[in-house]
Amino acid sequence: YGDDPDITPIRKTAPRATHYESIVKKAASSSMEQGSIDFAVGDRVAHPKFGEGMVVSAQFIGNDNLLEVAFDKVGTKKIMARLSKMKKL
């Protein structure tokens, strides 16, 4: 960099948490609060936004389940169980 006033040194800063990391941390804390809810194919469920539906597939991924739910009014959606805030009916 020398004595050139037009060039400023790059300062290193601490890395910020990414959006993904904040979602993962929030999900982990909320799942601990809610406890584990197991969903199975054929379960009737209620989602706060999508309404009522039926679980048509469930796939274990990490420490969660990827659910495919056929909702009565909005069609089929894929949702992570712990983030969904769904309840069994």
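User: In this predicted model, which residue does the side chain of Asp-72 meet in a salt bridge?
Analyst: In the predicted model, the side chain of Asp-72 takes part in a salt bridge with an N to O distance of 3.0 Å. The pair links distant parts of the chain, with Asp-72 in the loop between β3 and β4 and its partner in strand β1, 28 residues apart. That partner in the salt bridge is Arg-44.

User: Which residues are joined into one network by salt bridges that share partners?
Analyst: Besides its salt bridge with Asp-72, Arg-44 forms a salt bridge with Glu-52, where the closest N and O atoms are 3.5 Å apart. Arg-44 is partly exposed at a relative accessible area of 30%, and Glu-52 also counts as partly exposed, at 41%. Through shared partners, the network consists of Arg-44, Glu-52 and Asp-72.

User: How many residues apart are Lys-88 and Asp-43, which form a salt bridge?
Analyst: The closest N and O atoms of Lys-88 and Asp-43 are 3.6 Å apart, which lies within the 4 Å limit for a salt bridge. Lys-88 sits in strand β5, whereas Asp-43 belongs to the loop between α1 (19–34) and β1. The pair therefore links distant parts of the chain, and because buried means under 20% relative accessible area, Asp-43 counts as buried at 19%, while Lys-88 is partly exposed at 45%. In sequence, the two are separated by 45 residues.

User: Which strands are the edge strands of the sheet?
Analyst: The chain has two helices and five strands, and its elements run α-β-β-β-β-α-β from the N terminus on. The five strands form an open sheet with antiparallel pairing, in the order β4-β3-β2-β1-β5, and two bridges join β1 to β5, with Val-45 standing opposite Lys-88 in β5. The strands that pair on one side only, and are thus listed as the edges, are β4 (75–80) and β5 (87–88).

User: What is the angle between the planes of Phe-50 and Phe-71?
Analyst: The structure holds one aromatic pair, formed by Phe-50 and Phe-71, and both of these residues are buried. Phe-50 lies in the loop between β1 (44–47) and β2 (51–61) and Phe-71 in strand β3 (residues 64–71), so the pair ties together parts that are 21 residues apart in sequence. The pair is tilted, with 5.3 Å from centre to centre and an angle between the planes of 50°.

User: Which strand supplies the largest share of the largest nonpolar core?
Analyst: The largest nonpolar core has 10 residues in all, among them Phe-39, Val-45, Phe-50, Leu-67, Val-69 and Phe-71. Within this core, Phe-39 can be followed further, since leaving out residues up to four places away in sequence it touches partners including Val-45, Val-55, Leu-67, Ala-81 and Met-86. The largest share of the core is three residues, and these come from β3.

User: Is Asn-65 buried or exposed?
Analyst: Asn-65 lies in strand β3. Leaving aside neighbours within four places in sequence, Asn-65 is in contact with Gln-59, Phe-60, Ile-79, Met-80 and Ala-81. Its relative accessible area is 14%, so Asn-65 is classed as buried.

User: What percentage of the residues of the chain count as buried?
Analyst: The chain exposes about 7100 Å², of which carbon and sulfur atoms supply 55%. Among contacts between residues at least 6 apart in sequence, 32% join residues at least 24 apart. Of the 89 residues of the chain, the share that counts as buried is 21%.

How values were computed: Residues numbered from 1 in each chain as written. Predicted model: local features only at pLDDT ≥ 70, side-chain atom pairs only at ≥ 80, totals over all residues. Heavy atoms only, no water. Phe/Tyr/Trp six-rings, centres within 6.5 Å; stacked < 30°, edge-to-face > 60°. Helix = DSSP H or I, 4+ residues; strand = E, 2+ residues; numbered from the N terminus. Buried < 20%, exposed > 50% of the residue type's maximum accessible area, 1.4 Å probe, protein only. Pairing = 2+ DSSP bridges. Contact = heavy atoms within 4.5 Å. Areas by Shrake-Rupley, 256 points an atom, 1.4 Å probe, with all protein chains shown as cover. Core = buried A, V, L, I, M, F, W, Y, C linked by side-chain atoms within 4.5 Å.
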